[in-house]
Amino acid sequence: MSILRCRFDYGLSRRDLLHGVSAGLGASLARPFLSSSARAAASSPQLQAIAPLTPASMPKSWSIEEMHRRWQITRQRMKESQLDCLLVSQHHSGEMIAERMDGDADVEWLSGNSLPFKFVVFPFEGAMTAFSTGQVRRTPEEKMAADRGIDLRIAKGAGLWSDAIIDCLREKNMAQARFGVTDLANSPRQPEGEISYTTYDRILKAFPQAKFESVGDLLWRLKLVHSQEEIAVLERANLVSEIGIGAMMETARPGVIQRVVWLAMFNAMLNASGERPWRLSIRTGAGGNSALNRPLEEVMPAGQILTQECSGSVLGYGSQVNQSVLLGPATDDWTSMSEYCLETFHAVVAAVVPGKSIHDVLGVYDERLVAKGEKPGGLILHFGGLGDLPRTGSIGEASDVVLEPGMVFDIKPEFPVKGRGVVQIGDSVVVTEKGARRLGKRDMKPTTLA
């Protein structure tokens, strides 16, 4: 078995890093991380040519061309569905709630702003209107909305959205319009929707002659296929994620507290992109997601597998990577299962071809699960982006989706190792005309940290 021996140099010795973070000196450590966080990329030849990742190197906003593309494809879908207007409310997936309480994926995608818009009225013709509180005043988001021709309205009171929305719809002569409501029901991981009952009820009563229907899949299906600009951002986010993995390699050892490693990874990613990580959940002896995105006061014991879900963020877009490691010398059960997991990743990636359904592609994973005595249908495919898109296996949510060039998702097969935890090795890929291309640059191989 090959053992990954990496040097992720942040300008600190491992002893200094462990001592500083465990002593609660995150603020003082931020300065060295900020100046040299991207040096983690030097751990493999593939990453050495990448320019240093710093907040200054990141894109500051989506281009106006990208915004026009989103509006155009949305209006095309509205035309096909004979909709006069979309009523778009904030939408959080269950995962978003755990990670970015401020995230409003549908509103953010249509407006190109992360905060602080809460509702959008998007007509088939004319300017879209975004609704916010007075907190938006004199912020970059306010200027950005004006530059993009977005009509920005301020609610009359904190959380009193219905009056502002009703006034807007009357101005747009929507009394007899046909509305699509995007988060009424059947959204990914929110089958009962999320729109406020009171707000929606007041709008219904104000327009008794209008027609309202649920279009829970309209926007998320549009978001599945990314533009070249979005793919470039996701690729940057993937590199930020790999910097997080680098910090993990530098700090994780038997006997170290989970919180120490978590904070080192968080700082590395934050100071690479300037944005909070989309997802950072690490655990020994169990699935990485079982830590629920939190630092824990658990000691990492020797002989256990450290697994994680690690996703950096650029312009609010996340792209996840996974690299389980064994804490301690290699063992036969770890060696065989980690190699099997990596082989499974490559087998699934090789099956990614435009025109195939997700169900068909992930049948490869099912076969390899069954061969190890496990049940089929594992959720190993997570679409990248704002965190609201499906996570799926060969059965369940979005398994009927047909692959198209431009789709980006994390493929992360997982296999249990009795008494040690789970092995999960994965990376995000983009679907191309001919197959799939990895977004990551690191060497993917079984890894031990002794």
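Two worked exercises on a predicted model follow.

**Exercise 1. Helix packing**

Task: Determine how helix 13 and helix 14 are oriented to each other, and which residues make their contact.

Solution:
- Start with the geometry. Helix 13 spans residues 332–351 and helix 14 spans residues 358–371. Their axes lie 7 Å apart, at an angle of about 155°.
- Classify the angle. Angles over 145 degrees count as roughly antiparallel. Helix 13 and helix 14 are therefore roughly antiparallel.
- Add the handedness. Helix 13 passes helix 14 in a right-handed crossing.
- List the contact. Helix 13 contributes Tyr 340, Glu 343, Thr 344, Ala 347, Val 348 and Ala 351. Helix 14 contributes Val 361, Leu 362, Val 364, Tyr 365, Arg 368 and Ala 371.
- Sort these residues. Nine are nonpolar, one is polar and two are charged.

**Exercise 2. The sheet**

Task: Work out the strand order of the six-stranded sheet, its edges, and the helix 9 packing.

Solution:
- Set the order. The sheet is open and runs 4-3-2-1-5-6, with mixed pairing.
- Find the edges. Strand 4 (151–154) and strand 6 (211–214) each have a single partner strand, so one side of each has no neighbour in the sheet.
- Note the twist. From one strand to the next, it averages 20°.
- Examine one pair. Strand 3 (residues 129–132) runs parallel to strand 4, paired over four bridges. Thr 129 stands opposite Asp 151 of strand 4.
- Place the helix. Helix 9 (residues 197–206) packs on the sheet. It touches strand 1 (85–89), strand 2 (119–123), strand 5 (178–181) and strand 6. The direction of helix 9 makes about 145° with that of strand 6.

Methods: Residues numbered from 1 in each chain as written. Predicted model: local features only at pLDDT ≥ 70, side-chain atom pairs only at ≥ 80, totals over all residues. Heavy atoms only, no water. Axes fitted to C-alpha atoms, helices over the stretch in contact; angles between N-to-C directions. Helix = DSSP H or I, 4+ residues; strand = E, 2+ residues; numbered from the N terminus. Parallel < 35°, antiparallel > 145°, perpendicular 65-115°, else oblique. Left-handed = near helix turned anticlockwise from the far one by under 90°. Contact = heavy atoms within 4.5 Å. Nonpolar A, V, L, I, M, F, W, Y, C, P; charged D, E, K, R; others polar. Pairing = 2+ DSSP bridges.
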